[in-house]
Amino acid sequence: MTKSKYLFPIITFLLSFGCALFVAMKVFPNNPFSGKKPENAVSNKIHDGDLIFQTSESKQCEAVRIATNSKFSHCGIIFFVNGGQFVLEAVQPVKITPLEEWISHGKDHKYVVKRLKNAETILTEGTLDKMKTYGKQLLGKEYDAYFEWTDTRIYCSELIWKIYKNGAGIELSKPKQLKDFNLTDERVQKILKERYGNDIPLEEKVVAPSDLVDSNLLKTVIDTY
């Protein structure tokens, strides 16, 4: 009799818990009991200081892709902060964005992650601290739609290039001049006209996302394209 007295409440509790867990797994698929990785979970292959590239779809980004003959128009640098993965990026303004949120902004959520080939020996904790310290100095800077080689305003690939140069002493690519890119397409010419009028600074020093993604100092870690 005593066993029967407690058996019903126990069975009721187990059934209730099981139903609640089933509902939670359906409604909240990213919960830790689901046994699945979050839908947009980023591989644990990512390291502090990695570079990440994506395709953005604004008119300016379209012009960048055409001018550089590349599918990549935006990039950032991944930093680990307080156990989380973030992307320091030059938008308006320069800011730090959670990694998965950054990925969600790209076309079809696709991205490529690159890493310095000898990162294990070069990107020491001290070097990464220097890179992060330099990057923090640029937080809040306005986005540079004129692609000037100054720190007054800054654009995405310039941000990455300067962090590696000033924090790690590494030039990821050789800067080009604006005139080195494909400026003949009418969509590119329209953007240039809007930015500069008739005075296009053809000799301005420039680093494009394509220059970085193609750097022979880097290796591909993840490619979801």
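A residue counts as buried here when its relative accessible area is under 20%, a cut-off that will be needed at one stop of this tour through a predicted model.

Begin with the whole protein in cartoon view, where the secondary structure comes to eight helices and ten strands. If you then colour by burial, 42% of the 225 residues fall in the buried class. Switching to the surface, you are looking at about 13,200 Å² of exposed area, of which carbon and sulfur atoms supply 55%. Among contacts with a separation of 6 or more, 68% are between residues 24 or more positions apart.

Next, turn to the aromatic rings, for which the count comes to five pairs. Select W149 and W161, whose rings form an edge-to-face pair with 5.2 Å from centre to centre and 70° between the planes. Because W149 belongs to the loop between β6 (142–143) and β7 (153–154), while W161 belongs to helix α6 (residues 156–168), this pair ties together parts that are twelve residues apart in sequence. Keep W161 selected: its relative accessibility is 7%, so W161 counts as buried. Now add K162 to the view, and you will find its charged end over the ring of W149, at 4.8 Å from the ring centre.

For the last stop, select F53, F72 and Y225, which together form one aromatic cluster. Adding K71 to this selection shows a lysine lying over the face of Y225, 4.4 Å from the centre of that ring. Y225 can thus be viewed both as a member of the cluster with F53 and F72 and as the ring beneath K71.

Conventions. Residues numbered from 1 in each chain as written. Predicted model: local features only at pLDDT ≥ 70, side-chain atom pairs only at ≥ 80, totals over all residues. Heavy atoms only, no water. Helix = DSSP H or I, 4+ residues; strand = E, 2+ residues; numbered from the N terminus. Buried < 20%, exposed > 50% of the residue type's maximum accessible area, 1.4 Å probe, protein only. Contact = heavy atoms within 4.5 Å. Areas by Shrake-Rupley, 256 points an atom, 1.4 Å probe, with all protein chains shown as cover. Phe/Tyr/Trp six-rings, centres within 6.5 Å; stacked < 30°, edge-to-face > 60°. Lys NZ or Arg CZ within 6 Å of the ring centre and 35° of its normal.
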